[in-house]
Amino acid sequence: AWVKNPIDAFLLAKLEKAGLAPAAPADKPALLRRVYYNLIGLPPTPEAVRAFLADESPQALEKVVDELLDSPQYGERAGRHWLDLVRYAESNSYERDGTKPFVWRYRDYVIRSLNQDKPYDQFILEQLAGDELPERTADHLIATGYYRLGTWQDEPVDRVQELYEDLDDIVTTTSQVFLGLTLNCARCHDHKLDPLPQRDYYRFMAFFHGINRYGVRNRQSVAQFSLRDIMAPREQAQHQQEVQSHLKQVVQIEKQIAAIEKRVVGDFQPVEKEDFKFEQHKIPLLKKRVPRLLSQQQFKQYVELKKKEKKLKNVKPVALTQALCVTETGREPRKTFILARGNAHAPGKPVEPGFPEVLSFPDPVIKPLPPEKKTSGRRLALARWIVDRRNPLTARVMVNRLWQQHFGRGIVESPNNFGFQGTAPTHPELLDWLATQFVEGGWKLKPIHKLIVLSNAYQMSSQSRPQGIDKDPENKLFWRFNMRRLAAEEIRDTVLAVNGSLNPKMFGPSIFPDIPAEVKRGQSRPGEGWGNSTPEEKARRSIYIHSKRSLVFPFLAAFDGPDTDTTCPIRFETTQPTQALEMFNGPFAHRQATVFGNYLRKQLGPEDIRGHVKLALGRALQRPLTGEQVEQGVRFIERLQKEQAVSSANALDYFCLVVLNLNELIYLD
């Protein structure tokens, strides 16, 4: 009787064998919060709560699920999971940690693709080989920004070795994210646990061996190797007049800039000449020459010209829109050799592109691409093998990730490692069945999400039972639902949603919330590369926050944001003092509590204490309130006013701060 769809049958079979029974269903408010956060990462509105509680039809939950899967916020939530996996960040790391130009277009591509429910096989093809696809589109080029998301050492001691560090990053990410294989463990020797010889690593790497490095040293080389116009040539031709006018302005400003720079470059020390190749150092280096070589007026003019230059290069005519994407050395890639102990200067036997032998696929036949394509076609051959229906890993790895998003851990608890060092699946037959449903359904993600959340397994309560704790303390058999704390982005977004200030604007360049000066001093050049967005922009969702490797936004760091240096399949979930300090003492929390107080006063006037309490708790907890909870809030505000002589406005703001710190706000039951 408990089996609502086949997922329940698979779980129940294991539970009965272990002498366990599934937990009772979660109550409706808890279930609604769970579904909202799992699918869009935001809390339900009071209106949505009332409508769901009033709907007694058997289809009540299904209607909510369909609505959430169709909402634009779904792509923002699902996109955050994908960005974790592909080590998305917007800067290069190392000392300079320069910004990756237009990398946010990749983030927007991911969100749009997931909202469209683009088939997963197509999603893979576009990222691994979008530029090699026939009839390529702008999205196809943007998708290949996947290759440019990792760290980049702009002044390596050994350039040859550094090329192989870059390639290892790509092999590691591609094999783990799409296949659940730790091929990177076979870089220097045969894999110690899995049947993956060192030869397999270099055969797999050979698919990528034609890729140019992100750049060589400076911004110009990055533009040469990693930036491309994304509009088709025919469309570009239609905008030639606009393009010519834009280019003329750029040339004119560059001449004026060069004339001012000519006055000072002869005064530079050797190290300053090197620094001057990088945009972020130019203004500081000229400022040091005021007034000795430049007048204050000339320096001011230079700063203004640099602002105009930046604006012209960032806001280009549509025909010149660019994206960060992959490029190759040409139609003939570099030769690939097995490197002794991974040493780039110790080549051994040559190898050709090939798949892991243990999977028993024949070697690829790589057909030459049409003459207009300037690449080898190897990446397309690899991508087509990864999405081949006969590939035993791709679909299983992805449905396991979807399960993890909803239940807190995967059927395979090590989602990037399906090998012997990983964790064996707790329900292998269920994993097989879900993978089959996924492929037979056209590789669509949304139907699998819906299938999972409409199961009775997903709708169980998180309440514990002695029998379950005794027989299965880690809940490996899913006899109850696991509680979870909201992720860092969800906590921040919830605060903004609850206090009514969340800006729903989607897409575009990233935002820069406030970072304390003390945190910025941790950089070699304090605050470098961190902008200052408008108040409206700062209230956008956290997925749009600029991700800088050397300057992580403190709020996200405190609540276990992702490690962006490598693929991040699982977030840590810690409980630590900095979290309480952020939420009770941090400037963000205090500022948002005041915004919350202003929202309540605007809605109900300044004097309605009971109304303020009811509205605040209703928005924060998303469930019906008890009379005692409301009375407790009223007493708190009144005591602050009477005993501490706090003004009515400040008392309400302090109450709002307490509400934003309630455990129930940041934990899903």
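Here is a short tour of the chain, from the overall fold down to one residue. You're looking at a predicted model, where local features need pLDDT of at least 70, side-chain atom pairs count only at pLDDT 80 or more, and totals for chains, interfaces and linings use all residues. Numbering runs from 1 along each chain as its sequence is written, and side-chain values use heavy atoms, with hydrogens and water left out.

Start with the whole protein chain in cartoon view. You'll find 31 helices and six strands, taken as DSSP runs (H or I, at least four residues, for helices; E, at least two, for strands) and numbered from the N terminus. Switch to the C-alpha trace: along its principal axes it spans about 75 × 70 × 50 Å. The radius of gyration is 28 Å, which agrees with the value near 26 Å for a compact globule of 669 residues; the rule, for C-alpha atoms, is 2.2 Å times the number of residues to the power 0.38.

Now turn on the surface. It comes to about 30000 Å², with 55% belonging to carbon and sulfur atoms (Shrake-Rupley, 1.4 Å probe). Of the 669 residues, 56% count as buried, meaning under 20% relative accessible area, against over 50% for exposed and in between for partly exposed (1.4 Å probe, protein chains only).

Next, select Gln603, in helix H27 (residues 587-604). Is Gln603 buried or partly exposed? Its relative accessibility is 44%, so Gln603 counts as partly exposed.

Last stop: add Leu380 and draw a distance between the C-alpha atoms. Gln603 and Leu380 are 223 residues apart along the chain, and those atoms are separated by 57 Å.
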